[in-house]
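Q: Please take a close look at one part of this assembly, a strand in one of the chains together with what surrounds it. Then place that part in the wider arrangement of the chains.

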Amino acid sequence: MLRRITPTTIHPPFANYCHATLVQSTARWLYVSGQLGIRPDGVIPEDFEQQAEACFDNIARILAEAGMRTADLVRLNAYLTDPADLATYMMVRDRHVGDPPPASTLLVVQALARPQFRIEIEATAAA
Amino acid sequence: MLRRITPTTIHPPFANYCHATLVQSTARWLYVSGQLGIRPDGVIPEDFEQQAEACFDNIARILAEAGMRTADLVRLNAYLTDPADLATYMMVRDRHVGDPPPASTLLVVQALARPQFRIEIEATAAA
Amino acid sequence: MLRRITPTTIHPPFANYCHATLVQSTARWLYVSGQLGIRPDGVIPEDFEQQAEACFDNIARILAEAGMRTADLVRLNAYLTDPADLATYMMVRDRHVGDPPPASTLLVVQALARPQFRIEIEATAAA
């Protein structure tokens, strides 16, 4: 249902993402809210890496609830608040995305919905 | 056509949004440009709350032109320029989104297309 | 397959974009990663305008690889790091988008994946 597009006519991706995902018209879609680094019990870890892990855990559980899985991710949009966390984010992403990985957008923004949050990850999936 | 997904395996949403929206393959889609706080006559209110109201009014009129309505919103992506406006944004959103509400992403960014704009809201709908 | 929606009940777009794009259910979709200003040989121009041109060139090549073209763009999301570059971005966009143009979201963010990047453009297309 998903085809990853990474043309050889442009520079390869810098990290673990594909340049684009092509989705057939028969797919159903899952639009996931920007997920924050909060665990099921309400704990918000101070550590960036643990927040990023919690975001991916949340996305995995939402996908499961909709009968989908990580391989169905079309695009991940990640929003960090500190450029110093970029390398750690990419490391955590590597642990969670499939092979081939989804398309990706990665931005550093001024702030998120509450000051303690250091990352928000939005996902779009189709299957 | 839309099913709101809010799994009990993760922390509930902090505010008036669902964790994800599932859309069937038979839907047609409306991708709305980031809407700014400008009224039909070109007036851009200085007040944040009035700008946010104008964004939602614009979205409602675009939905109507496409034969859709607020209940068809799949995801709202809101971009503010000042974290001090977050609570007001959530209050305005409560007045405009349906029940159940759409998925959501909320970011504070450095600036928008012109300095007088304090909020931009992008919408995706399906019906 | 695409219909551009620009209602007369709201203020017209400020620049070269439509207020919304309506997509039929029979379309297949292309979700493009945020493209950066890097040329096929790996050169990252210092100049903002050349980076923006490289982003659009990359998008055009990805569309071509998927059997699509610029007219199939549903929405462009552009992320700049300096508000001083907004006018140049809009000039470059005018050279590349079709008529009628796609929907658009335009934000100024704190930073991108590497300090030398000054613009990232994410695209969604359907045909």
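A: What follows starts with the strand, moves to its neighbours in the same chain, and ends with the contacts and symmetry between chains. The model is predicted.

The part in question is strand E5 of chain B, residues 103-108. E5(B) is mostly covered, with six of its six residues buried. In a regular strand, side chains alternate between the two faces of the sheet. In E5(B), Ala103(B), Thr105(B) and Leu107(B) point one way, while Ser104(B), Leu106(B) and Val108(B) point the other way. Both sets are buried, so neither direction leads to a residue below the cut-off of 20 C-beta neighbours within 10 Å.

The pairing partner is strand E4 of chain B, residues 73-80. E4(B) and E5(B) run parallel and are joined by six bridges. Within this pair, Ala78(B) of chain B stands opposite Leu106(B). The connection between the two strands includes helix H2 of chain B, residues 86-96, and E4(B), H2(B) and E5(B) make a right-handed β-α-β unit.

The loop between E4 and H2 of chain B holds Asp85(B). Where the residues of E5(B) are buried, Asp85(B) has 18 C-beta neighbours inside 10 Å and therefore counts as partly exposed. Asp85(B) and Val108(B) are 23 residues apart in sequence, and their C-alpha atoms are 9.5 Å apart in space. Leaving out residues up to four places away in sequence, Asp85(B) touches Phe48(B), Leu80(B) and Arg118(B).

The nonpolar core comes next. In soluble globular proteins, nonpolar side chains tend to be buried together. Here the largest nonpolar core has 123 residues. Among the residues with the most contacts inside it are Leu30(A), Leu30(B) and Leu30(C), along with Ala125(B). Ala125(B) touches Leu30(B), which is another of these, and also Leu63(B), Met68(B), Asp72(B), Leu73(B) and Val74(B), not counting residues up to four places away in sequence.

Leu30 also has a part in the contact between chains. Strand E3 of chain A pairs with strand E2 of chain B, residues 20-23, in the antiparallel sense over four bridges. The bridge partner of Leu30(A) in E2(B) is Leu22(B). Overall, 27 residues of chain A are in contact with 28 residues of chain B. On the chain A side, the elements giving two or more residues are E3(A), helix H1(A) and strand E6(A). E3(A) gives the most, with six residues. By type, the chain A side divides into 14 nonpolar, seven polar and six charged residues.

The arrangement of the chains is rotational. A rotation of 120 degrees, with 0.0 Å of shift along its axis, superposes chain A on chain B at an RMSD of 0.0 Å. The residue of chain A that comes closest to the axis is Val109(A), at 3.0 Å by its C-alpha atom. These copies use different surfaces, as 11% of the contact residues of chain A recur in chain B. Chain C superposes on chain A by a rotation of 120 degrees with 0.0 Å of shift along the axis, again with an RMSD of 0.0 Å. Chains C and A are thus related as by a three-fold rotation axis. In chain C, Val109(C) comes closest to the axis, its C-alpha atom lying at 3.0 Å. Only 11% of the interface residues of chain C are also interface residues in chain A, so these copies meet through different surfaces.

How values were computed:
Residues are numbered from 1 along each chain as its sequence is written. Chains are lettered from A and ligands numbered from 1 in the order in which they are written. This is a predicted model: local features need pLDDT of at least 70, side-chain atom pairs count only at pLDDT 80 or more; totals for chains, interfaces and linings use all residues. Two residues are in contact if their C-beta atoms, placed from the backbone, lie within 7 Å. Ala, Val, Leu, Ile, Met, Phe, Trp, Tyr, Cys and Pro count as nonpolar, Asp, Glu, Lys and Arg as charged, and the others, Gly among them, as polar. Two strands pair if DSSP finds at least two bridges between them. Copies are superposed by least squares on the C-alpha atoms of residues with pLDDT of at least 70 in both. A nonpolar core is a set of buried Ala, Val, Leu, Ile, Met, Phe, Trp, Tyr and Cys residues joined through C-beta atoms within 7 Å. A residue is buried if 20 or more other C-beta atoms lie within 10 Å of its own, exposed if 12 or fewer, and partly exposed in between; C-beta atoms are placed from the backbone. A crossover is right-handed if, with the strands pointing away from the viewer, the path from the first strand over the helix to the second runs clockwise.
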